[in-house]
Amino acid sequence: MTARITDIDDGPGGHHGVGARLRTPHDRAASAPWADKLWAAVRTGDEYAAVDVVTDALAAGLDPESVLLDVIGAVQHKVGLEWAANRMSVADEHAATAINDRVIAVLPARRPADSRGRITVACVDQEWHALPARLVSETLRLRGWRVDYLGAQVPTAHLISHIHRTGPDAACLSSSLPTRLPLAHSAITAVQAAGTPVMAGGLAFGADGRYARQLGADAWAPDARAAADRLAAGPLTRPVPAHQTIDDLPHLADQEYTLVARSSTRLVRDTIQRLQQHIPAMRDYSDEQRERTAEDIAHIVSFLTAALYVDSDDVFTGFLTWTAEVLTARRVPARSLLPCLDLLEEQLHDFPRARRLLDAGRTALAFRP
């Protein structure tokens, strides 16, 4: 495994869920030409042309929300797809994301309506995919809400300090990577304990919001428009009294998640050492190849740990099948993942849920080249 699957900015939960849901055929027809123009500007790294596209779209009468979600959001969605298909480098993807973030500032800034209320929007701790949360924030602003946008990787303690200081009507918490679900759970329960309801969003919570419900969020939205629509429909129900993690996830009583999480560094180290014994060619790897292989194995362990937290095969198999597609696009055989799963199972023989997840992973990869 030497393709760089660790620069995940659109992995199993990346920019795909940026709120770019297109609405009616008329909306698509109106927005699509502008999205094509913005894509051309972004693909060539021309920030000035990108600003001109957004300015011209607004001048032509396209409403700001459509520009935000159906032009900028749609282009960001395509950026993720192109990176996964190996048609954009990591550097190109980062440059494109920066341009899209920049052109959002071109949209009109409206003074919030006092009657709407105040919303806090933040990414959970260690979640660096900020653009989905920013699209939610800007959509709410366009609809008249007062929004405190806290950006990426907000430590839960800082989030709670902000909640106590500002007293928002709700907090919208975003996470794109399922590996952040334990931290998201901590943030959800802490915000609720402060008396503020939580709406969760982002692909980390599942395409149908199953993990948002499992972690006790008061609401879930699949995209920015849905989030704004739900908040406009009426206040979220105030959270139940403070409760413990085990109340939401009783399977954690078996301690598998805790023990595997604590031993993750050792699991990665030992798996690398055992791989070198099983695959002699690894002894001739360059330092860069060894580093990438270690990062790949670390990701496998991270997703296995997250899957243990919510007791979901889909979290683990979804990551593996997506990774297989990324590796295949980079001409690396997906079967290279299988020895890692076998070696991890040898080390986790006393953990039945972990073995179940690893078996599900092997099954998901069974027919991959």
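I'll walk you through the cores and a few loop residues of this predicted model.

Quick housekeeping: residues count from 1 along each chain as its sequence is written. Because the model is predicted, local features need pLDDT of at least 70 and side-chain atom pairs pLDDT 80 or more, while totals for chains, interfaces and linings use all residues, and side-chain values use heavy atoms, without hydrogens or water.

Okay, the inside. The largest nonpolar core (buried Ala, Val, Leu, Ile, Met, Phe, Trp, Tyr and Cys joined through side-chain atoms within 4.5 Å) has 60 residues. Buried, by the way, means under 20% relative accessible area, exposed over 50%, and partly exposed in between, with a 1.4 Å probe and protein chains only. Helix H13, residues 287-310, gives this core its largest share, ten residues. (Helices are DSSP runs of H or I, at least four residues, strands are E runs of at least two, and both are numbered from the N terminus.) Phe316 is among the residues with the most contacts inside the core. Setting aside neighbours within four places in sequence, Phe316 is in contact (heavy atoms within 4.5 Å) with residues including Ile300, Phe303 and Leu357. There's also a second, separate core of 48 residues, including Val79 and Val121.

Now the loops. Is Thr179, between strand S3 and helix H7, buried or exposed? Buried, at 17%. Beyond its neighbours within four places, Thr179 is in contact with Ser302, Phe303 and Ala306.

Last bit: most residues other than glycine have a negative phi. Gln153 has a positive one, about 50°, and Gln255 has one of about 70°. Gln153 is partly exposed at 42%, and so is Gln255 at 40%.
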